[in-house]
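Me: I am new to this structure and would be grateful for a close look at one part of it, followed outward to its surroundings. Please set out the strand pairing with care, and then the way one domain meets another.

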Amino acid sequence: MVDLGHYNELEIAREVDFGMYLTSEDGDILLPRKYIPEGAKVGDKVRVFVYRDSEDRVIATNLTPHATVREFACLMCKDSTDFGAFLDWGLEKDLLVPLHNQKDKMRPGRKYCVYVYLDETSDRIVGTTKLGKYLHNDEAPNELTENEEVDLLVAGFTEIGIKVIINNRYMGMLYKNEVFKELYMGDKVRGYIKTIRPDNKIDVTLRKPGTTGLSESNEAADKVMEVLEAAKGYLPLSDKSSPDEVYRMLGMSKKVFKKAIGGLYKEGKIEIDTDHIRLKCDE
């Protein structure tokens with residue numbers, strides 16, 4: 001049977017003016033002409049994504065969706081109506097998130113983390129922002145280990161850090177003071193399991209286990225120099241600045257920042273004043 005919402009290897013049965021029909025146990029499926037791979041001919045097998053088009057017909061495409069069925073993704077909302085919102089998921093037909101699947105009313109122009117699934121009642125592919133039932137943190141103690149390398153999807157931001165989907169299966173937290181680069185909704189990065197708490201909440205880190213404080217300071221020092229150079233050698237931060245100011249401008253904790261600028265000062269690379277730091281000019 002055709003696996004709706006996934007990639008399928010299907011054989012080209014016949015060609016017509018408007019495309020090619022692919023054979024399957026569920027009947028022939030149209031691959032529109034604009035999606036036919038170059039050089040494809042009757043009898044060839046092609047790898048296609050199968051879903052329903054705007055007229056609810058099962059159809060094939062060689063476009064790559066941002067997520068397949070049973071995957072999490074961060075997608076842009078294009079439109080919102082009384083019955084649901086429509087998200088751009090990389091295909092001609094937008095992904096519907098029915099109103100009852102929305103944790104909060106979705107607004108056009110904003111990105112949302114959704115879970116994509118096949119609705120058994122309607123046999124349509126839909127999304128939901130009510131993620132709880134699709135997460136498996138209760139199984140994490142038996143399936144994950146501390147220091148294990150994992151895939152992370154940036155799913156949202158809070159006052160204390162960044163919410164991430166781990167291995168397309170669990171929800172975790174990446175704390176602000178452990179992030180040394182800009183991250184945005186939908187970014188995919190590699191990380192490591194730091195702690196699995198008794199309540200099955202998971203803390204993760206981007207730093208490889210065994211990374212020393214020295215290498216962390218070196219990484220922070222490189223970031224300070226990079227930002228200073230981009231700011232023409234002047235930055236309105238010092239060891240008197242508030243932690244929030246430091247994090248807003250550099251994405252690091254004040255403790256790490258102070259170690260970084262202390263090292264740069266000793267190396268003669270910067271000057272430190274009461275309200276700013278600047279690159280040291282060569283005499």
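Reply: In this predicted model, strands S6 and S7 are joined as a hairpin through 3 residues. Strand S6 covers residues 71–80 and strand S7 covers residues 84–88; the two pair in the antiparallel sense over 4 bridges. Within this pairing, Asp79 of S6 stands opposite Phe86 in S7.

Strand S6 also pairs with strand S9 (residues 111–119), again in the antiparallel sense, and here 6 bridges are found. Leu75 stands opposite Tyr112 in S9. In general terms, the strands of a sheet pair through backbone hydrogen bonds, in either a parallel or an antiparallel sense.

To place these strands, it helps to know how the chain is divided. The assignment gives four domains: domain 1 (6–61), domain 2 (71–132), domain 3 (135–205) and domain 4 (214–279).

Another hairpin is formed by strands S4 and S5, with 5 residues between them. Strand S4 takes in residues 45–52 and strand S5 residues 58–61, and 4 bridges join them as antiparallel partners. Val50 stands opposite Ala60 in S5. In the turn of this hairpin, Asp56 has a positive phi of about 70°.

A further sheet is found later in the chain. Its 3 strands form an open sheet with antiparallel pairing, in the order S16-S18-S17. Strand S16 (234–235) and strand S17 (270–272) are the edge strands, each pairing on one side only. Strand S18 (residues 277–279) is joined to S17 by 3 bridges, and these two strands run antiparallel. Ile272 has Ile277 in S18 as its bridge partner.

Ile272 also takes part in a contact with a helix residue. Leaving aside residues up to four places away in sequence, Tyr265 touches Ile270 and Ile272. Tyr265 itself lies in helix H4, which comprises residues 254–266. Between the C-alpha atoms of Tyr265 and Glu229 the separation is 15 Å, and these two residues are 36 residues apart along the chain.

The remaining topic is the meeting of two domains. The centres of domain 3 and domain 4, taken over C-alpha atoms, are separated by 27 Å. Their contact involves 5 residues from domain 3 and 8 residues from domain 4. The size of an interface is often expressed as the accessible area lost when the parts come together. For domain 3 and domain 4 the buried area is about 600 Å², and carbon and sulfur atoms give 59% of it. On the side of domain 3, Lys176, Asn177 and Phe180 lose the most area to domain 4, and together these residues make up 81% of what that side buries. By class, the side of domain 3 that touches domain 4 has 2 nonpolar, 1 polar and 2 charged residues.

Which kinds of polar pairing cross this interface? Between domain 3 and domain 4 the count of residue pairs in polar contact is 0, where both residues must be at pLDDT 80 or more. The number of salt bridges found by the rule across the interface of domain 3 and domain 4 is likewise 0.

Conventions:
Residues numbered from 1 in each chain as written. Predicted model: local features only at pLDDT ≥ 70, side-chain atom pairs only at ≥ 80, totals over all residues. Heavy atoms only, no water. Domains from an automatic or database assignment. Contact = heavy atoms within 4.5 Å. Buried area = accessible area lost by both parts, 1.4 Å probe. Salt bridge = Lys/Arg side-chain N within 4 Å of Asp/Glu carboxyl O. Polar contact = N/O pair within 3.5 Å; in protein donor to acceptor, adjacent residues only side chain to side chain. Nonpolar A, V, L, I, M, F, W, Y, C, P; charged D, E, K, R; others polar. Pairing = 2+ DSSP bridges.
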